[in-house]
Structure formats: structure tokens, C-alpha cells
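Biologist: I would like to take a close look at a single part of this model, and I would be glad of a patient explanation that a first-year student can follow.

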Amino acid sequence: MTSRPGFHLAIPVDDLTRARAFYGGVLGLAEGRSSESWVDWNFYGHQMVTHVVPAARQADAGRNPVDGHDVPVPHFGLILSIEDFHVLAERIRAAGGEFVIEPYLRFAGEPGEQWTMFFRDPAGNALEFKAFRDESQIFAK
């Protein structure tokens, strides 16, 4: 992957123990600094913070139809290598996780060919992970 600036993202969770089990255990992210109300995570080199907000689970702002799927909005995630994408998909399955949208291949044989999948963390935050056949075509039309 090309060098990109790191991002910082703070998201609400309703239970740090469940957040630690999911982000640290299922996703395998390294935990950084923490307190009784938040935890920093190394989100593939980016800083993501889970902040406890009582009753954090919120409804999606909306859904957008894409390829016959209802994509939850908002959502966040990363672009991984194809190998890492499939490893992560298996980690989610092995942990008994449910996909909002099962991993599938979009734009097969076309510019921007990519794998994509959606799932939620225990607080209901929607995550999307992608993997492009050719990362130079991330913004290809």
C-alpha cells in the first residue's frame, strides 16, 4: 500500500469490556492508552478511540442500496490487501460474527475490482473493509 496520512477516529461504545473483546480479541488490534471511559486502538497504523457513551447503540442514519445490498450509513473501515481481507473475514466467522453484507467481489474484471464486506462491532458501529485487485484503481471510473 502507498504511504498515506494516518487518521484519528473516535467512536461511541456502550461497554469497554465488549469493545476490548471485539477490537483486541476478534480484530486483533493492539491496545494503546486507556482510562475507565476510553481505549486507544492501533487500527492498522491509525488511531481509533472507543469512548464509553451510555446507551451508545444508535440507529443508522440511513441505508443506501448498492449492488442489491442495503449499505448502512454511517460506516468506516480500511482498504486491506486481498490476503488480509480474507484473513479478517475468517476471523469474523471464527468468532461467530455476523456480516451485515457477506464478503463479495464487486466489479469483477472491471476497473476498480474489489472485495468488500460489512459487519458491526458490539456497540452497533458499522465497519466496511475492502481489498482492491489493483490499488491504483481505487478511484477508477
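Biologist: In strand 10, which residue is the bridge partner of Arg120?

Modeller: The bridge partner of Arg120 in strand 10 is Ala126. Before going on, please keep in mind that this is a predicted model, in which local features need pLDDT of at least 70 and side-chain atom pairs count only at pLDDT 80 or more, while totals for chains, interfaces and linings use all residues. Residues are numbered from 1 along each chain as its sequence is written, and side-chain values use heavy atoms, with hydrogens and water left out.

The pair you asked about belongs to a longer contact line, since strand 9 (residues 114-120) and strand 10 (residues 126-132) run antiparallel and are joined by seven bridges. Strands (E, at least two residues) and helices (H or I, at least four) are DSSP runs numbered from the N terminus, and two strands pair if DSSP finds at least two bridges between them.

Stepping back, these strands sit in an open sheet of four, ordered 7-10-9-8, whose pairing is mixed. At the edges stand strand 7 (76-80) and strand 8 (99-106), and because each has a single partner strand, one side of each is left without a neighbour in the sheet. From one strand to the next, the twist averages 10 degrees, where angles run from 0 to 180 degrees between N-to-C directions and axes are lines fitted to C-alpha atoms, for helices over the stretch in contact. Helix 2 (residues 82-94) lies across strand 7, strand 8, strand 9 and strand 10, and runs at about 30 degrees to strand 9; contact here means heavy atoms within 4.5 Å.

It helps to set this beside another open sheet in the model, in which four strands follow the order 1-4-3-2, with mixed pairing. Its edges are strand 1 (8-13) and strand 2 (30-34), each of which has a single partner strand, so one side of each is left without a neighbour in the sheet. In this sheet the twist averages 30 degrees from one strand to the next. Strand 1 pairs with strand 4 (residues 46-52) in the parallel sense over six bridges, and within this pairing His8 has Gln47 of strand 4 as its bridge partner. Helix 1 (residues 16-26) packs on this sheet, where it touches strand 1, strand 2, strand 3 (38-43) and strand 4, and its direction makes about 10 degrees with that of strand 3.
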